[in-house]
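Could you walk me through the labels used for this model, and show how each one is earned? I would like to see the reasoning behind the words.

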Amino acid sequence: MHAPRRRPITGAMACAAAPAEIRLFVCDDAVELRALLRLALESEEGVSVVGEAGSGEGLTEAVLAAGANVVLLDLSMPGVDGLEALPPLRAAAPGLAIVVLSGYERERMEARTLALGADRYLEKHASLEQVRLTVHQVAAERTAP
Amino acid sequence: MTPRLEAHDDLVQRLTEVTWALEVGEHAQAARAARAALALAQQLLAAGSGEPAPGDLRRDDAG
């Protein structure tokens, strides 16, 4: 097994208002995508992936136990899907930043997921850099007084 | 979720893997994911077309 060739992810966005540490929880049934998200997002100091799940089942408890402050949430998953998992997660953690990351078109799902408690909706054709910037944005917004 | 919808979701997942793997420089993983996406797309094409008769394969536009 070879060591991953990391290309540094750069971005000009200032994150002065972001929390000192971004503790990310990734919920997506595609294990390969979780690994790529971890690889890309943890390349930055101050960001750590504190938990992963492949289903929305037990998600609220897992996120709270991990002490995450940002969640990346897929919608189509086995067991409990993202639309089912979102309301109890938001109810249990009002200060949590939640980004839905889904293959469904924005026009079809964004308003619905925002109404259920998500902070942002990203389509899966977003680049990892867009995901990274969005994670910082929502973390900063949720931290702001 | 219907099997067909699930297959489309799988296709999106694989294509997402291609683009993200390329973004972090994992070219071998991107190539594997691209082949998997191609195989899935072919399955969807076969499932949706049945046994084509002459003329059924005319496209409206060139691909």
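Here are some questions and answers on this predicted model.

Q: What makes A:R38 and A:E52 a salt bridge?
A: Their closest N and O atoms are 2.9 Å apart, and the rule asks for a side-chain nitrogen of Lys or Arg within 4 Å of a carboxyl oxygen of Asp or Glu, so the pair qualifies. The two ends belong to distant parts of the chain: A:R38 sits in helix α1 (residues 31–41) and A:E52 in strand β2 (residues 47–53) of chain A, 14 residues apart.

Q: Why is A:R38 called partly exposed?
A: Its relative accessible area is 29%. Buried would need under 20% and exposed over 50%, so a residue in between is partly exposed. A:E52, at 32%, gets that label too.

Q: How do you know that A:R120 and A:E141 form a salt bridge?
A: The N to O distance is 2.6 Å, and the cut-off is 4 Å, so the pair passes. This bridge also links distant parts of the chain, with A:R120 in strand β5 (residues 120–123) and A:E141 in helix α5 of chain A, 21 residues apart. As for exposure, A:R120 has a relative accessible area of 24% and A:E141 has 45%, so both count as partly exposed.

Q: What joins A:R34, A:R38, A:E42 and A:E52 into one network?
A: Salt bridges that share partners connect these residues.

Q: What makes the span of helix α5 (residues 128–143) of chain A close to the expected one?
A: From first C-alpha to last, this helix of 16 residues reaches 23 Å, and the value expected at 1.5 Å a residue is 22 Å. Many of its residues have a relative accessible area under 20% and are called buried, among them A:L128, A:V131, A:V135 and A:V138.

Q: Why is the contact of B:R14 with A:E32 called a salt bridge?
A: The closest N and O atoms are 3.1 Å apart, and the limit is 4 Å, so the name fits. The rule finds one salt bridge across the interface of chain A and chain B, along with six residue pairs in polar contact. On the side of chain A that touches chain B, α1 and α5 are the elements that give two or more residues, and α1 gives the largest share, six residues.

Q: How many residues of each chain take part in the contact?
A: Chain A gives 25 residues and chain B gives 17. The area buried between them is about 1800 Å², with 54% from carbon and sulfur atoms.

Note on methods: Residues are numbered from 1 along each chain as its sequence is written. Chains are lettered from A and ligands numbered from 1 in the order in which they are written. This is a predicted model: local features need pLDDT of at least 70, side-chain atom pairs count only at pLDDT 80 or more; totals for chains, interfaces and linings use all residues. Side-chain values use heavy atoms; hydrogens and water are left out. Helices (H or I, at least four residues) and strands (E, at least two) are DSSP runs, numbered from the N terminus. The expected span of a helix is 1.5 Å times one less than its number of residues. Buried means under 20% relative accessible area, exposed over 50%, partly exposed in between (1.4 Å probe, protein chains only). Contact means heavy atoms within 4.5 Å. Buried area is the accessible area (1.4 Å probe) that two parts lose on being put together, summed over both. A polar contact is a pair of N or O atoms within 3.5 Å; within protein, one must be able to donate a hydrogen and the other to accept it, and residues adjacent in sequence count only if both atoms are side-chain atoms.
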